[in-house]
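Please open the model in your viewer and keep the sequence panel beside it, since each stop on this tour begins with a selection. The stops follow one another through the chain's interior, its helix contacts and a few backbone details.

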Amino acid sequence: MKDRDSWSVESWLVAGGRSTEPGAPLNTPMVPASAFVLGDQAEYSRDDGTPTWSALESLVGGLEAGQAVAFASGMAAISAVFQGLPAGARIVWPDDCYQGVTGLIEAGCRRGVWAAERIALGDTQAWVAAAETADLLWVESPSNPLLVVADLAAIGAADRKPGSILAVDNTLATPLNQRPLELGADLAIHSATKHIGGHSDLLCGIAVARDAHLIEELRAARELVGATPGTLETYLATRGARTLALRLERGQANAQALAERLERHPSVERVRYLGLAGHATHAIAQTQLDGFCTLISFDVAGGAARADAACRRSRLIRHATSFGGVESTMERRAAVPGQGHLPPGLVRLSVGVENVEELWADLDRALSA
Ligand SMILES: *Cc1c(COP(=O)(O)O)cnc(C)c1O
C-alpha cells in the first residue's frame, strides 16, 4: 500500500485502505470472522481485528497522519480514552459539548472516579492554564451545536502536566477540514457515524493517535471492554468515506448559501455558521479549518413552539437527529436531554447534498407557514 504522504487527502480517500496484491479484490471485502486458523498473527478478532476493520483504520489513519483504532461507536472510542485515565484524574471539558460526553463525565464524577471542570471553549487562557494540572483536556471543536472554534494551536502548545492527554473531538470538522494531531493534540476522535460513514446507516467510532503507547492503550481498551466495530459497519464506513471530499464540498456550498439566506429571513433571530463574517469565531475558523463545515444552528423567532412547528413542516429536510449524512436533517436541540444551555428555539440544521434551491424553498416554507 502506498504511503499517504505522497497523495492529497482527496486521492487518499479513494486509494487508501485497498490492497495492491495482484488478484486481490479492489475493495477489501467484509470478513465476518471471530477466529482465524492459528499459526499466523491473527487469532481472535476482538484482539487482533479483521481485514475489514484494518481497511478503515488505514484509510482514516492516513487522513490524520496517525494510527487509527476503530470502535463500535463514537462513544465507545471516547469511553476507551476515559478508561485509560488514572484514578482520581482531573478532566477539563467545554461548556458546549456532545451530550454523551457530558453524560459520561458527569456519571464518573458522581461515582468519584474523577473530578471535572467545564471551561468556555473560547476562553483560550483558561484552557492553557488548566493544561498544567489536568490529566485529560477534552476539546470539541468546532463545538456542537453552538459552533465555537477553540484555538487548538494555542492549547496544543500549552505546557501540560506530564502524561496528560489532549483529545480533540474532530467529528464535526472531519479530517479534511481540521487535523488536530498537527496542532499538538495527542488524539483525534471521530464519530464515524456522522460524516465518515456519511449515509446515516451505521454506528462506528475512530480514535487516531501517533504515540505508540497511546495506540496500544486504545487497542487494549477495545479488546478488554469488547468495544469492537462490526464487519458490516466498517465496510460501509470505508465505502462511505470514499466520497467524503465530494459530499463535504457540496454540503458546505449548500450550507453557506442557506446560512446567508437564513440571516435575512424574518422568522429567524440569529444564525450561527462558521462561514458567516459575523460569526463569533469566524476569524479563527478561517485559519484553523480548511472549510466551514455543514452544520448551521439558528434561533427561530417565537421560541420552542415555532421551532418545533418548522421542524415538523419541512419535507425535503427530514426531522431527525444526528448530522453528516447525504440527506439534510434538522431538529430543535434544546429538546435533547443534557442540552439545557441552548436557546429554546435553537434548530440545528445538517446540510446535505440536495439541490440548494429546493432546500431553501423547503426551509422558507417551513419557517414561514
Ligand atoms: C455523535 C457524536 C458522538 C458520539 O458518536 P456515536 O457514534 O453516536 O457514539 C461524539 N461526538 C460528537 C461530536 C458527535 O456528534
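Begin with helix 10, residues 231-241, and colour Thr231, Thr234, Ala237, Thr238, Gly240 and Ala241, which are buried in this helix. The model is a predicted one, and that should be kept in mind at every stop. If you now display the surroundings of helix 10, the elements that cover its buried residues include helix 1 (9-15), helix 3 (51-64) and helix 11.

**Along helix 11 to helix 14**

Keep helix 11, residues 244-263, on display and add helix 14, residues 356-368; the two pack at an angle of about 35°, and their axes are 10 Å apart. The crossing of this pair is right-handed. To see the contact itself, select Asn254, Ala257, Leu258, Arg261 and Leu262 on helix 11, together with Val356, Glu357, Leu359, Trp360, Leu363 and Leu367 on helix 14. Coloured by class, the residues of this contact divide into 8 nonpolar, 1 polar and 2 charged.

**From helix 14 to helix 13**

Leave helix 14 in view and bring in helix 13, residues 304-313, whose axis comes within 8 Å of that of helix 14 and crosses it at roughly 140°. The two helices are therefore oblique to each other, and helix 13 passes helix 14 in a right-handed crossing. Here the residues to select are Arg306, Ala310 and Arg313 in helix 13, which meet Arg365, Ala366 and Leu367 in helix 14. By class, this contact has 3 nonpolar, no polar and 3 charged residues.

**Into the largest nonpolar core**

Next, hide the helix 13 and helix 14 pair and select Phe71, Phe82, Leu136, Trp138, Leu187 and Leu218, the residues with the most contacts inside the largest nonpolar core, which has 29 residues. Helix 4, residues 74-83, gives the most to this core, with 6 residues. Which residues is Phe71 in contact with, leaving aside its neighbours within four places in sequence? Selecting its surroundings should bring up Ala76, Ala77, Ala80, Cys204, Gly205, Ala207, Leu218, Arg222, Ala227, Thr228 and Pro229.

Stay with helix 4 and add helix 5, residues 99-110; the axes of the two come within 11 Å and cross at roughly 30°. The crossing of helix 4 past helix 5 is right-handed. Met75, Ile78, Ser79 and Phe82 of helix 4 make the contact with Gly100, Val101, Leu104 and Ile105 of helix 5. This contact has 6 nonpolar, 2 polar and no charged residues.

**Strand 4 and the loop that follows**

Now select strand 4, residues 136-140, and within that strand pick out Leu137. Is Leu137 buried or exposed? Leu137 is buried, because its relative accessible area is 1%, and buried here means under 20%. Beyond its neighbours within four places in sequence, Leu137 is in contact with Val92, Trp127, Ala130, Ala131, Arg160, Ile165, Leu166 and Ala167. For a sense of distance, draw a line from Leu137 to Arg239: the two are 102 residues apart in sequence and 32 Å apart in space, C-alpha to C-alpha.

Move on to the loop between strand 4 and helix 7 (152-157), where Pro142 lies. A cis peptide bond joins Ser141 to Pro142, with omega about -10°. Pro145 is found in the loop between strand 4 and helix 7 as well, and a cis peptide bond joins Asn144 to Pro145, with omega about 10°.

**Two residues with positive phi**

Select Thr174 in helix 8, residues 174-177. Its phi is near 70°, a positive value in a residue other than glycine, and Thr174 is buried, with a relative accessible area of 1%. Then go to Ser322, in the loop between strand 10 (318-319) and strand 11 (329-332). Ser322 has a positive phi of about 75° although it is not a glycine, and at 24% relative accessibility Ser322 counts as partly exposed.

**Last stop**

Finish with Gly23, which is found in the loop between helix 1 and helix 2 (45-48). Gly23 is exposed, with a relative accessible area of 83%. A line drawn from Gly23 to Arg365 spans 54 Å in space, C-alpha to C-alpha, for two residues that are 342 residues apart in sequence.

How values were computed
Residues are numbered from 1 along each chain as its sequence is written. This is a predicted model: local features need pLDDT of at least 70, side-chain atom pairs count only at pLDDT 80 or more; totals for chains, interfaces and linings use all residues. Side-chain values use heavy atoms; hydrogens and water are left out. Axes are lines fitted to C-alpha atoms, for helices over the stretch in contact, and angles run from 0 to 180 degrees between N-to-C directions. Helices (H or I, at least four residues) and strands (E, at least two) are DSSP runs, numbered from the N terminus. A crossing is left-handed if the near helix is turned anticlockwise from the far one by less than a right angle, and right-handed if clockwise. Contact means heavy atoms within 4.5 Å. Ala, Val, Leu, Ile, Met, Phe, Trp, Tyr, Cys and Pro count as nonpolar, Asp, Glu, Lys and Arg as charged, and the others, Gly among them, as polar. A nonpolar core is a set of buried Ala, Val, Leu, Ile, Met, Phe, Trp, Tyr and Cys residues joined through side-chain atoms within 4.5 Å. Buried means under 20% relative accessible area, exposed over 50%, partly exposed in between (1.4 Å probe, protein chains only). Angles under 35 degrees count as roughly parallel, over 145 as roughly antiparallel, 65 to 115 as roughly perpendicular and the rest as oblique.
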